[in-house]
Amino acid sequence: MNGYRGRILKVDLSAGVFSETPLTPDVARKFVGGSGLAAHLFFEEIAPGLETGGPRTSVAQGSSRSGEVAGEAHAAANAPTPGAGPAPDADYLAALGPAGRGYPDPLGPDNPFILATGPLTGTRIPCAPRFTVSARSPLTGIWGEANVGGFFGPELKFAGYDAVVVTGRAARPVYLLIDRGKPSLEPADDLWGRDTYETNDLLAERHGPRASSSGTAAPDGAVPPEEATSAVGATSTVGATSAGPGLRRPQVLAIGPAGENLVRFAAAVHGKHHVAGRTGMGAVMGSKNLKAVVVRGAGGLGGRPDTFPLADPDRLKDMATVFIARAKENMVTRSLGEAGTIMGMDLGALIGDVPIRNWSLGAWGDELEKVGVGGYCNHLTSEGTCFLCPVGCKRKVTVEALGHSLINAAGADYETLGCLGPNLLISDLPALLVAGEVANRLGLDTITAGGTLAYAYEAADKGLLDGGERLKDAWGQAALMLELLEDMAYRRGLGNDLADGSAILARRIGKPEALEFLSTVKGLEAPAHDPRAVHGMAVAYATSTRGACHMNSLMYGAEHAGVSAPEAGVDSDGLQQSSAGKGLLNKAVQDLGSVFGQAAILCQLGGNMYSGDELVAMLNASTGLGYTLAEVLECGARIWHLKRGIGNLYGMGSRDDRLPPRLLMPLDDGGAAGSTPDLEGMLAEWYEARGIDPKTGRAKPEVLKGLGLGRLATLLCAW
Ligand code: SF4
């Protein structure tokens, strides 16, 4: 099967058994790969339990591994909240949990945890090294996914699988090893308690390269793994795939203390620079006693070069050559190569895009300059990149602060600096770089961590937070922020409440005014892009299938980075503080983006240089499936509606397609002063275009059936 390995690995951790299922051409054609394929696999796993009205495993049996702590949090999240108003998050969170629609418990054994690659993963195409991790989110209760670069995705494909579906719970901590097509579960007792970096290092060392009797050559244009970094031309020093001719290095995805302690926004970390941050996928791994996944491919170990067939390898190679040259010319990719994602701070400061003091201020004197590109350069030691990416947006830094000394360490990205920095009134860049490193080691999503701290600080200031005295006047205190990150990861003291995220915390406070200053949509904290500065992001956040997210569609690219694909309806007017036509644009960026950034799976940073037609050409050169653009957009609509429908099954409705009041509050100054998006107008346009009933928030049955999602339509009618 061109473009794929054609195999999906299934792992039952409870029974300790493996099975394989073929990836059929029909499924590949309809769901493409990545989180599109994962959503299909997830739905197929859970639908029988929902159809028979009862889970295979009771929620009581499936309660959290670490018992009291997360068990209490889980119960608290589902308890009635006296006095809570009918705000979207409160309503939505009432649906999270054990009753009826709660199957599977996000932290129970039945929740399928799915790793998936796409048809471009492991090919020569630049900016296509990504893989996805997916499950029902323990933070939001709806569809959860995160999308990661680096070297793990290509290696998983070289190891023999397009996707891995993990269910059950191991009796003791384990890690999953997939070594040249052979899966095994290995004891991880000695790794439990270690941070993500230590775990990555130990497992890379334990399963490290061995001498080979022969090298490899690509038979067909798929990239032989040994070539992966040498062909790049960028100065990669992060997680190189090959250790030299004939030698292979395993790639690792691991959780840290936050995942082990079921922090609802725990991340899974690959290498030291690639974080599956959003929606708590690290907690899902922790709930399964799954400390890590280690993958290593066959090529270069004396066996045959075990890559995968491509429909038109020469065409793919030619396109890669053109795109590598383009990456050197394109304004966005050049800027990313020069400054990394930190360039977003300088631009964001001008247009009012950066959250300041829990999204309540539009400007902050000259402080933002301290955390921008200029300040960052003082600590920069080198750059890094992902598998075969000519852009090289990763940074490495050397810095000392708060008792930590980092030497040539993975440098924090824009989102980390924005959410832990200005949003908490911290402009101490060395401290923020240390905080980024600490959060990565603990395995925390820095966006939700920052959003939750900002929320808690304000709740403490308003006297709403029981036991919150320590947080009064906490703004600007970098050392306290670092302590709180650790408290969250270990669920210590107040950190136990913070570890459930700000929406659950607000619900626990139980007062209507506690909902006024949340930054969440559907329970997920907003990233560092202000919808008042860029109106398209308002409707993108409100309708994203995983909550407030700038990567869930191509709206960020269209509104911030000049992505243009008029052939697919993605044609922004470039007027960031205009809401006109953004509802229609939102539908177009969801359809194209569901394939582009999630199923194909192209990086939404460097990959912004591709058009819709080029995406189709790449897919066809890899798979030979002969897609038209219309078919690709139909795939995008199918994938998007499936994820949305999964959320609907858990109680999500149109009341959840909203922004919290704080993100719609006009600002007094800064680049977005006085600007508020017309969310209602954009939503009305979007519901109509999307085929969703604005009263229920559910797709019309004929829309789902037309996309081949009849089983989902039937289930939704029954709920
Ligand atoms: S642009 Fe950056 S994040 Fe994206 S693939 Fe390239 S190096 Fe990785």
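**Exercise 1. Find the residue that stands opposite Leu115 in strand E4.**

Solution. This is a predicted model: local features need pLDDT of at least 70, side-chain atom pairs count only at pLDDT 80 or more, and totals for chains, interfaces and linings use all residues. Residues are numbered from 1 along each chain as its sequence is written.

Step 1. Locate the strands. E3 covers residues 113-116, and E4 covers residues 131-136. Strands (E, at least two residues) and helices (H or I, at least four) are DSSP runs, numbered from the N terminus.

Step 2. Check the pairing. E3 and E4 run antiparallel and are joined by three bridges. Two strands pair if DSSP finds at least two bridges between them.

Step 3. Read off the partner. Leu115 stands opposite Val133.

**Exercise 2. Decide whether E4 is enclosed or left open by the rest of the structure.**

Solution. Step 1. Apply the burial rule. A residue is buried if 20 or more other C-beta atoms lie within 10 Å of its own, exposed if 12 or fewer, and partly exposed in between; C-beta atoms are placed from the backbone.

Step 2. Count. Six of the six residues of E4 are buried, so the strand is largely enclosed.

Step 3. Follow E4 to its other partner. E4 and E5 pair in the antiparallel sense over six bridges. Thr132 has Asn147 in E5 as its bridge partner. Six residues lie between the two strands of this hairpin, and Gly141 takes a positive phi near 80 degrees there.

**Exercise 3. Give the strand order of the six-stranded sheet and name its edges.**

Solution. Step 1. The order is E2-E1-E6-E3-E4-E5, in an open sheet with mixed pairing.

Step 2. The edges are E2 (17-22) and E5 (143-148). Each has a single partner strand, so one side of each is left without a neighbour in the sheet.

Step 3. The twist averages 15 degrees from one strand to the next. Axes here are lines fitted to C-alpha atoms, for helices over the stretch in contact, and angles run from 0 to 180 degrees between N-to-C directions.

Step 4. Look at E2. The count of buried residues among its six residues is zero. E2 pairs with E1 in the antiparallel sense over six bridges, and Asp12 stands opposite Val17. Their hairpin has four residues between the strands, with Gly16 at a positive phi near 70 degrees.

Step 5. Turn to E6. Strand E1 (7-12) and strand E6 (163-167) run parallel, joined by five bridges. Ile8 stands opposite Ala163.

**Exercise 4. Place Ile114 and Ala163 in the nonpolar core.**

Solution. Step 1. Define the core. A nonpolar core is a set of buried Ala, Val, Leu, Ile, Met, Phe, Trp, Tyr and Cys residues joined through C-beta atoms within 7 Å.

Step 2. The largest core has 227 residues. Ile114, Ala163, Leu444 and Leu485 have the most contacts inside it.

Step 3. List partners of Ile114, leaving aside its neighbours within four places in sequence. They include Ala38, Leu41, Phe42 and Ala163. Contact means C-beta atoms, placed from the backbone, within 7 Å.

**Exercise 5. Describe the sheet that contains E13, and the helix packed on it.**

Solution. Step 1. Three strands form an open antiparallel sheet in the order E13-E14-E15. E13 and E15 (404-410) are the edge strands, each pairing on one side only. The twist averages 20 degrees from one strand to the next.

Step 2. E13 and E14 pair over four bridges. Gly384 has Lys394 in E14 as its bridge partner.

Step 3. Helix H16 (residues 429-442) packs on the sheet and touches E14 and E15. The direction of H16 makes about 110 degrees with that of E14.

**Exercise 6. Find backbone exceptions in three loops.**

Solution. Step 1. Recall the rule. Most residues other than glycine have a negative phi, and most peptide bonds are trans.

Step 2. Leu388 has a positive phi near 55 degrees. Leu388 sits in the loop between E13 (380-384) and E14 (394-401). With 28 C-beta neighbours inside 10 Å, Leu388 is buried.

Step 3. Val32 has a positive phi of about 65 degrees. The loop holding Val32 lies between H1 (25-31) and H2 (34-51). Val32 is buried, with 31 C-beta neighbours inside 10 Å.

Step 4. Ala600 and Ile601 are joined by a cis peptide bond, with omega about -5 degrees. Ile601 lies in the loop between H23 (582-599) and H24 (612-623).

How values were computed:
Two residues are in contact if their C-beta atoms, placed from the backbone, lie within 7 Å.
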